[in-house]
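Me: I'm new to reading structures, and I'd like to know where the labels come from. Can we go through some of them together?

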Amino acid sequence: MSLIIAIVNGKGGVGKSTTSINLAGALDRKGKSVFLIDSDPQGTTSDWYESRKKQPAEQLLHKNLFLAESPWTAEELTSKLKQLSKNYDYVIIDCGPANDSIERTVLTLSDYAIIPVTPSPYDIRSVKKTIDLIREGKKLGAIKVKSYLLISRKIIGTVLGREAREALNTFDIPVMKSEISQRIALCESGIEGKTIFEYSPGNPAAEEFNNLRKEVEKWQRQV
Ligand SMILES: Nc1ncnc2c1ncn2[C@@H]1O[C@H](COP(=O)(O)OP(=O)(O)OP(=O)(O)O)[C@@H](O)[C@H]1O
Ligand SMILES: [Mg+2]
């Protein structure tokens with residue numbers, strides 16, 4: 001059975017899709033099989049996959065990374081996930097920028113949730129809505145997911161970047177040791193439908209996603 005990981009935050013543009021794609025790539029590079037699901041009606045991961053299909057095959061490294069070709073609805077997730085999860089080491093679900101019924105369904109079905117947060121006071125404040133959604137679900141017994149905050153799009157050398165961890169530590173959810181910095185190569189790789197491991201393997205972003213992968217590999221199934 002797969003370890004099912006939701007990448008979730010009701011705030012837009014925090015790096016959910018970038019994290020989903022590159023964590024999937026990092027796991028694939030270590031020989032793990034991964035199925036990546038887009039549950040965001042905006043379809044960012046599905047668009048990434050479309051760009052990917054146009055790339056020369058010899059530039060694409062990932063052999064055990066599989067994707068849903070279009071966003072899945074809450075109904076599709078519920079009906080397909082159990083069967084699908086028999087065949088992969090990991091299922092990663094990229095969520096959209098909303099705390100709606102799809103997110104609730106994803107959180108119900110997932111073992112872990114990674115909540116990327118950018119080091120901006122506004123974003124740190126607004127992550128509370130996603131944390132509250134998880135807390136409510138847990139109170140009702142509907143959600144067993146174990147959640148972690150992830151510092152994402154950190155601008156190196158800034159005070160905000162340095163203070164983010166301290167601010168996030170005030171929530172009662174652990175903060176991952178790994179951090180993902182703001183790097184242009186991550187943005188460029190996404191446009192080409194590649195992971196950072198394919199686009200620029202020597203870029204420090206690849207090391208940051210490998211560090212995230214190492215933390216994730218220690219996780220055990222919850223649901
Ligand atoms: N670490 C990073 N460094 C540079 N650019 C990044 C980084 N993370 C994300 N981006 C860029 O920021 C934009 C938003 O990122 P992404 O799509 O991953 O966020 P998201 O949380 O999935 O957004 P949405 O809520 O709209 O789904 C994209 O253009 C992406 O390439
Ligand atoms: Mg997205």
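Reply: Sure, ask away. Keep in mind that this is a predicted model.

Me: Let's begin with Thr105. Why is Thr105 called buried?

Reply: Buried means under 20% relative accessible area. Thr105 comes out at 17%, so it counts as buried. You'll find Thr105 in helix 4, which covers residues 101-109.

Me: What is Thr105 in contact with, leaving aside its neighbours within four places in sequence?

Reply: That would be Ala74 and Thr78. Contact here means heavy atoms within 4.5 Å.

Me: And why does Lys218 count as exposed?

Reply: The cut-off for exposed is over 50%. Lys218 has 67% relative accessibility, so exposed is the right word. Lys218 sits in the segment after helix 9 (204-216).

Me: Which residues form a positive surface patch with Lys218?

Reply: Lys30, Lys177 and Lys214 join Lys218 in that patch. Lys counts as positive, and patch members need over 30% relative accessible area and no salt bridge.

Me: Then there's Arg153. What makes Arg153 partly exposed?

Reply: Partly exposed is the band between the buried and exposed cut-offs, under 20% and over 50%. Arg153 has 38%, so it belongs in that band. Arg153 is part of strand 6 (residues 146-154), and it has a positive phi of about 55° although it isn't a glycine.

Me: How do you know that Glu215 has no salt bridge?

Reply: Look at the distance. A salt bridge needs a side-chain nitrogen of Lys or Arg within 4 Å of a carboxyl oxygen of Asp or Glu. For Glu215, the nearest side chain of opposite charge is Lys177, and that is 5.3 Å away. Glu215, in helix 9, is buried yet has no such partner. It does touch Lys177 in the contact sense, along with Met176 and Ser178.

Me: What makes Asp123 and Lys11 a salt bridge, then?

Reply: Their closest N and O atoms are 3.4 Å apart, and the limit is 4 Å. Asp123 lies in helix 5 (residues 121-139) and Lys11 in the loop between strand 1 (3-7) and helix 1 (16-29), so the pair ties together parts 112 residues apart in sequence. As for cover, Asp123 is buried at 11%, while Lys11 is partly exposed at 30%.

Me: How many salt bridges does the rule give?

Reply: The count comes to 13. One of them joins Arg135 and Asp172, with the closest N and O atoms 2.9 Å apart. Arg135 is in helix 5 and Asp172 in the loop between helix 6 (159-168) and strand 7 (175-181), so this pair links parts 37 residues apart in sequence.

Me: Why is Asp172 called exposed?

Reply: Its relative accessible area is 59%, and exposed starts over 50%. Its partner Arg135 has 35%, so Arg135 counts as partly exposed.

Me: Which residues are linked with Arg135 and Asp172 in a network of salt bridges?

Reply: Lys128 and Asp132 belong to that network too.

Me: Last one: what makes Arg213 and Glu217 a salt bridge?

Reply: The distance is 2.8 Å, N to O, which fits within the 4 Å limit. Arg213 is buried, with 6% relative accessibility, whereas Glu217 is partly exposed at 28%.

Notes: Residues numbered from 1 in each chain as written. Chains lettered and ligands numbered in written order. Predicted model: local features only at pLDDT ≥ 70, side-chain atom pairs only at ≥ 80, totals over all residues. Heavy atoms only, no water. Helix = DSSP H or I, 4+ residues; strand = E, 2+ residues; numbered from the N terminus. Buried < 20%, exposed > 50% of the residue type's maximum accessible area, 1.4 Å probe, protein only. Patch = residues over 30% accessible without salt bridge, like charges linked within 9 Å, V, L, I, M, F, W, Y side chains within 5 Å. Areas by Shrake-Rupley, 256 points an atom, 1.4 Å probe, with all protein chains shown as cover. Charge placed at Lys NZ, Arg CZ, Asp CG, Glu CD.
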